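Work through the exercises below with the structure in view. Try each task before reading its solution.

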Amino acid sequence: MAKETKSRVVFQRSALGTRIALLVMLCVCIAAMAVAGLAIHTAKRDTAALRQQALDLEKRNEQLEEYLSKLGSVDTIVRIAQEELGLYLPDTVLFDTK
């Protein structure tokens with residue numbers, strides 16, 4: 001019968017320099033994770049703002065498309081140009097009655 005030997009793992013005490021290096025690396029990792037977390041938070045906030053802006057623009061686009069569909073005829077466009085914008089066709093003569 002073979003004699004079984006038990007092996008033990010012995011951990012040596014690490015040098016002070018090694019401990020300091022590990023502590024510095026740990027601090028750097030924690031700082032990097034904090035910066036990454038802040039970047040993710042900022043990106044999510046910006047994404048939400050851009051999504052809201054896209055929704056607002058889509059709504060405005062629908063309003064403008066509806067407005068254009070209501071214009072329809074040249075007479076309607078001329079009337080709006082005269083009444084709302086004060087624009088007249090070049091051959092129009094205006095008289096001031098004041």
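A salt bridge is a side-chain nitrogen of Lys or Arg within 4 Å of a carboxyl oxygen of Asp or Glu. The model used here is predicted.

**Exercise 1.** Find the salt bridges and describe the residues that form them.

*Solution.*
- Start with the count: the structure holds two salt bridges.
- Take Arg45 and Asp46. Their side chains meet at 3.8 Å, N to O, so the 4 Å limit is satisfied.
- Check their surroundings. Arg45 is partly exposed, at 47% relative accessibility. Asp46 is partly exposed too, at 39%.
- Take Arg79 and Glu83. This salt bridge spans 3.2 Å, N to O.
- Place the pair. Arg79 and Glu83 lie four residues apart in helix H2, so about one helical turn separates them.
- Check exposure again. Arg79 is partly exposed at 39%, while Glu83 is exposed at 57%.

**Exercise 2.** Test whether the length of helix H2 fits its residue count.

*Solution.*
- H2 covers residues 74–85, which makes twelve residues.
- At 1.5 Å a residue, the expected span is 16 Å.
- The end C-alpha atoms are 15 Å apart, which agrees.
- Look just past the helix: Gly86 follows H2, with a positive phi near 70°.

**Exercise 3.** Explain why Cys27 forms no disulfide.

*Solution.*
- A disulfide needs two cysteine sulfur atoms within 2.5 Å.
- The closest cysteine sulfur to that of Cys27 belongs to Cys29, 9.4 Å away, so the gap is too far for a bond.
- Cys29 is likewise in no disulfide.
- The search of the whole structure finds zero disulfides.
- Add exposure: Cys27 is partly exposed at 45%, and Cys29 is partly exposed at 46%.

Definitions and conventions
Residues are numbered from 1 along each chain as its sequence is written. This is a predicted model: local features need pLDDT of at least 70, side-chain atom pairs count only at pLDDT 80 or more; totals for chains, interfaces and linings use all residues. Side-chain values use heavy atoms; hydrogens and water are left out. Helices (H or I, at least four residues) and strands (E, at least two) are DSSP runs, numbered from the N terminus. The expected span of a helix is 1.5 Å times one less than its number of residues. Buried means under 20% relative accessible area, exposed over 50%, partly exposed in between (1.4 Å probe, protein chains only).
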